[in-house]
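Work through the exercises below with the sequence and the coordinates open. Each task is followed by a solution in steps.

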Amino acid sequence: MRNFLLGGVCAFALMGSVALFAAPSKVGGLQANETYRQLNLFGEIFERVRNDYYKETKDDELMEAAINGMLSSLDPYSIYMPPRSFQEARVQTRGEFGGLGIEVTQENGLIKVVSPIDETPAQKAGVLPGDLITHLDGDPVMGKSLNESIEKMRGAPNTNIVLTVRRGAADAAKTFDIKITRAVIKTRVVRARREGEFAYLRISSFNEHTTQDMVAAIDRLKSEMGNDLKGYIIDLRDNPGGLLDQAISVSDSFLNQGEIVSTRALRPSTDDGQRYNAKRGDVADGKPMAVLINGGSASASEIVAGALQDHHRAVLVGNTTFGKGLVQTMIPLGEFGGMKLTTAGYFTPSGRSIDKVGISADVEAWNERDRQIAAALKERRQMTGTRETEEDKPEKQAEPSTVTPPQKVPTPGQDGPDLVLQAAMEVLRAPPKPTARK
């Protein structure tokens with residue numbers, strides 16, 4: 001069964017210098033002839049490498065590198081996963097896995113941090129969304145596949161790894177080492193507490209239990225607070241995303257009707273995409289809501305934020321999100337592991353695609369951590385040449401002139417005042433009209 005994140009393999013053997021593929025029929029025409037010509041070229045190069053390269057090579061490693069090269073050329077999120085990696089990725093969506101507790105992608109040959117997960121070694125060590133990892137234990141990541149780097153970051157609990165991190169915009173970037181001790185990661189994705197007259201819910205990722213845990217937390221707070229409960233604050237900061245169906249379900253929990261999100265295949269001729277609509281029933285009973293976002297809010301988080309903003313159901317407080325508007329499908333490949341392939345783009349109810357642009361807050365508010373993340377994302381968009389329409393372009397945001405060392409970067413609400421949370425509480429006491437885009 002495919003798992004959507006916010007079958008069968010073809011194998012062939014090489015035998016001497018003979019052609020790998022039979023000639024195409026006339027039906028395919030010139031395009032098919034060119035495709036088969038290129039495939040035969042690949043076979044010839046493969047044969048030259050295995051016979052003439054100055055060091056011994058392994059066929060399976062060459063093939064894996066070729067597959068990784070093809071997928072990585074598509075976008076930063078499509079990757080091949082060997083059996084172990086594929087199994088660990090599937091376990092991660094169930095809420096327990098081993099490693100550093102960090103969501104990453106690859107960009108311009110380096111490892112880009114999407115977000116560390118709450119209360120994991122990576123977060124505690126001071127890793128931030130938008131950080132670029134250049135070395136692992138002194139070994140450059142440039143030239144290596146994303147899988148190779150992920151495998152190197154994994155390891156037995158209580159073992160150490162040193163990440164060399166570049167942080168900040170190009171003109172003020174700083175490079176430093178962060179030592180992290182690996183651990184078994186057990187994620188508790190929903191944390192809830194009372195904040196004055198409001199129910200505060202922190203959602204750190206979207207796994208198989210997110211909606212269930214969120215509804216249970218809301219029911220508990222309703223019981224504890226009674227008539228004192230005046231509104232809800234949903235904290236999606238530094239939430240790297242997760243399962244599409246859970247993002248839809250969480251959004252649906254607060255909406256009575258209307259579209260939540262639509263997905264459109266990148267090749268519309270093969271698939272018209274899907275639209276997901278809300279069913280009646282608002283677990284928050286129509287009370288005012290604020291959603292906290294920042295540059296570490298990505299993918300599934302952006303689906304929830306975009307749906308609640310477009311339907312005027314919540315005011316978004318914080319700063320512009322990461323901008324990952326693509327849907328990945330987990331495709332099993334039997335004994336060969338599996339792949340994560342981008343199969344569609346998603347759009348908010350008003351038809352916005354936020355990929356590489358992000359979702360802007362209705363009320364802008366900042367902690368120091370957010371400014372560090374924003375500086376890194378600004379560099380990311382400059383490096384990738386993102387083009388923004390005037391409608392979707394975020395308002396100009398202040399950038400830090402210096403980069404804070406990791407041990408001095410506060411986790412929101414845990415070290416010093418959380419200015420974004422305070423702003424959300426003020427918003428709920430005298431809410432402005434959400435700036436949904438229609």
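The exercises concern a predicted model, and they go from strands to cores, helices and single residues.

**Exercise 1. The six-stranded sheet**

Task: State the strand order of the open sheet of six strands and find the strands at its edges.

Solution.
- Step 1. The order is β11-β12-β13-β16-β17-β20, and the pairing is mixed.
- Step 2. The edges are β11 (190–195) and β20 (363–364); each has a single partner strand, so one side of each is left without a neighbour in the sheet.
- Step 3. At the β11 edge, six antiparallel bridges join β11 to β12 (residues 198–203). Ala192 stands opposite Leu201 of β12.

**Exercise 2. Strand β16**

Task: Determine which strands pair with β16 in the parallel sense, and whether its residues are buried or exposed.

Solution.
- Step 1. β13 pairs with β16 in the parallel sense over four bridges. In this pairing, Ile234 stands opposite Val291.
- Step 2. β17 also pairs with β16 in the parallel sense, over four bridges. Here Leu292 has Val317 as its bridge partner.
- Step 3. In a regular strand, side chains alternate between the two faces of the sheet.
- Step 4. On one side of β16 are Met289, Val291 and Ile293, on the other Ala290 and Leu292, and all are buried.
- Step 5. Five of the five residues of β16 are therefore buried, and the strand is largely enclosed by the rest of the structure.

**Exercise 3. The nonpolar cores**

Task: Describe the largest nonpolar core and identify its residues with the most contacts.

Solution.
- Step 1. The largest core has 43 residues, and Leu201 and Phe254 have the most contacts inside it.
- Step 2. Elements that give two or more residues to this core include β12, β13, β16 and β19 among the strands, and α6, α7 and α8 among the helices.
- Step 3. The element that gives the most is α8, with six residues.
- Step 4. Beyond four places in sequence, Phe254 touches Met214, Ile218, Ile234, Asp282, Val283, Ala284, Met289, Leu308 and Arg313.
- Step 5. There is also a second, separate core of 27 residues; among them are Ile79, Ala125, Ile150 and Met330.

**Exercise 4. Two packed helices**

Task: Classify the packing of α6 and α7 and list the residues that make the contact.

Solution.
- Step 1. Two packed helices are described by the angle between their axes and the distance between the axes.
- Step 2. For α6 and α7 the angle is about 25 degrees, with the axes 9 Å apart.
- Step 3. Angles under 35 degrees count as roughly parallel, so α6 is roughly parallel to α7.
- Step 4. The contact is made by Thr210, Thr211 and Met214 of α6 with Gln246, Ser249 and Val250 of α7.

**Exercise 5. A hairpin and positive phi values**

Task: Characterise the hairpin of β4 and β5, then locate Asp285 and His312.

Solution.
- Step 1. β4 (residues 102–107) and β5 (residues 110–116) pair in the antiparallel sense over six bridges. Thr105 has Lys112 of β5 as its bridge partner.
- Step 2. Five of the six residues of β4 are buried.
- Step 3. The hairpin has two residues between its strands, and Asn108 in the turn has a positive phi of about 55 degrees.
- Step 4. Most residues other than glycine have a negative phi.
- Step 5. Asp285 has a positive phi, near 55 degrees, and lies in the loop between β15 (274–277) and β16.
- Step 6. His312 has a positive phi, near 60 degrees, and lies in the loop between α8 (300–310) and β17. At 38% relative accessibility, His312 is partly exposed.

**Exercise 6. Three residues and their surroundings**

Task: For Ile373, Thr342 and Gly138, decide whether each is buried or exposed, and give a spatial partner.

Solution.
- Step 1. Ile373 is in helix α9 (residues 368–384) and is buried, at 0% relative accessibility. Its C-alpha is 7.8 Å from that of Gly168, 205 residues away in sequence. Contacts of Ile373 beyond four places in sequence include Leu128, Pro129 and Asp238.
- Step 2. Thr342 is in strand β19 (residues 338–347). Buried means under 20% relative accessible area; Thr342 has 9%, so it counts as buried. A polar contact of 2.8 Å joins its side chain to that of Gln328.
- Step 3. Gly138 is in the loop between β6 (132–136) and β7 (139–140). At 54% relative accessibility, Gly138 is exposed. The C-alpha atoms of Gly138 and Thr164 are separated by 7.4 Å, with the two positions 26 residues apart along the chain.

Note on methods. Residues are numbered from 1 along each chain as its sequence is written. This is a predicted model: local features need pLDDT of at least 70, side-chain atom pairs count only at pLDDT 80 or more; totals for chains, interfaces and linings use all residues. Side-chain values use heavy atoms; hydrogens and water are left out. Buried means under 20% relative accessible area, exposed over 50%, partly exposed in between (1.4 Å probe, protein chains only). Two strands pair if DSSP finds at least two bridges between them. A polar contact is a pair of N or O atoms within 3.5 Å; within protein, one must be able to donate a hydrogen and the other to accept it, and residues adjacent in sequence count only if both atoms are side-chain atoms. A nonpolar core is a set of buried Ala, Val, Leu, Ile, Met, Phe, Trp, Tyr and Cys residues joined through side-chain atoms within 4.5 Å. Contact means heavy atoms within 4.5 Å. Axes are lines fitted to C-alpha atoms, for helices over the stretch in contact, and angles run from 0 to 180 degrees between N-to-C directions. Angles under 35 degrees count as roughly parallel, over 145 as roughly antiparallel, 65 to 115 as roughly perpendicular and the rest as oblique.
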